[in-house]
Amino acid sequence: LAGEPIQLEPWQAFILTTVFGWVKPNGTRRFRRSYIEVPRGNAKSTLSSAVALYMLAADREGGAEVYSLATTRDQARIVFGDAQTMARRSPGFRRRFSVEVGAHNMHVLASGSKFEALAAEGSTLDGLNIHFGCVDEPASSRSISGMRVSADSAMRLAAVYACVRILSETMASLPLVVYRPRKDGGKDRVTDHWLEFPGTFKDPEAKRVFRESYQAAQSGSNRGKVLVLENGMKFHEVGVTNKDAQFLELRKFQITDIARLFRVPPHMIADLDRATFSNIEQQSLEFVIHTMTPWAERWEASIEADLLPDGDALEIEFDFANLM
């Protein structure tokens, strides 16, 4: 199919519309980083090449720095080479965006943008102002010591798995509470809910009648009475309870070398050599304050920014009462 226009598969269209289709009111994209994992032979490099060319020439970014990155330069040049071939075979694209195709880079003189292939070497990546980076097979990257490090290989180390387990289980056990601010500076816990209706109302009037009758049946003297739903409707409560939270499988670990990196007290991963009744209580308190609170604040900020509708005066907060 060389020389033919690219016809996107449904999964490719889903990726592009998800990453590029969500735009905030200020014009910036909602997602700045994406991880895409597909089997070999599914035109991953071709899709990445097309996206890289778009980010180079058509994203309206002055001085855009676009890079194809991989462990070795030869691997990084796979995506760059595909993009290079696309540009050379598309004279209309080159004329429209004034793209110059060289042997080792592509650039747009009018905007000062460039596209290059780089190997993942610390000395070559310092100081880059990356507008778009395509990292090919990040799991094969090596650390400074020369060892291949990935999420899977790191999780094979007992201490890493233990710390990740403690952090994830603790976060998963926290009830998620939704609050609505009051004008006096206080806040009220939201007990709202929403109904899932598999069908559609025949007109706005039918929707209004249902809403008013539902509110009348669940307010005033009827508050707390049994709710009866018809036509396949489902009741959904706002928030996440302990019952709904998911937990990781439990495993035993003995290595504690990495506990300090995750700020996890040693006694929580079965290192009781220096544990006493007094310092375990203090360490557990410090774990909540210095380890879990920063994680919870990041989640709260992300949920409020990405999941709550704009203009909706709601706040998200994890309840630490059960851990204190």
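Which residue stands opposite K114 in β4? In this predicted model, that place is taken by H107. The pair offers a handy way into the structure, and the description below starts from the strand that holds K114 before turning to the whole protein and to two loop residues.

Strand β4 covers residues 113-119 and is mostly covered, with 5 of its 7 residues buried. On one hand, β4 pairs with strand β3, residues 105-108, in the antiparallel sense, and 4 bridges join the two. It is within this antiparallel pairing that H107 and K114 face each other. The hairpin made by β3 and β4 has 4 residues between the strands. In that hairpin, G112 adopts a positive phi near 70 degrees.

Strand β4 also pairs with strand β1, which spans residues 65-70. Here the sense is parallel, and the pairing runs over 6 bridges. For anyone following along in the structure, S68 is a convenient marker: its bridge partner in β4 is A117. Strand β4 thus has a parallel pairing with β1 and an antiparallel pairing with β3.

Stepping back to the whole protein, the model contains 10 helices and 10 strands. Of the 324 residues, 27% are buried. Among contacts with a separation of 6 or more, 67% link residues that lie 24 or more positions apart. The protein exposes about 22300 Å², and 54% of this area is supplied by carbon and sulfur atoms.

Two loop residues deserve a look for their backbone angles. Most residues other than glycine have a negative phi. Residue A43, which is not a glycine, nevertheless has a positive phi of about 60 degrees. Its place is the loop between α1 (10-21) and α2 (44-57). With a relative accessible area of 39%, A43 is partly exposed, because this value lies between the 20% limit for buried and the 50% limit for exposed residues.

The second residue is S98, again not a glycine, with a positive phi of about 55 degrees. This serine is found in the loop that lies between α4 (91-97) and β2 (99-101). Is S98 buried, exposed or partly exposed? At 39% relative accessibility, S98 counts as partly exposed.

Terms used
Residues numbered from 1 in each chain as written. Predicted model: local features only at pLDDT ≥ 70, side-chain atom pairs only at ≥ 80, totals over all residues. Heavy atoms only, no water. Buried < 20%, exposed > 50% of the residue type's maximum accessible area, 1.4 Å probe, protein only. Contact = heavy atoms within 4.5 Å. Areas by Shrake-Rupley, 256 points an atom, 1.4 Å probe, with all protein chains shown as cover. Pairing = 2+ DSSP bridges.
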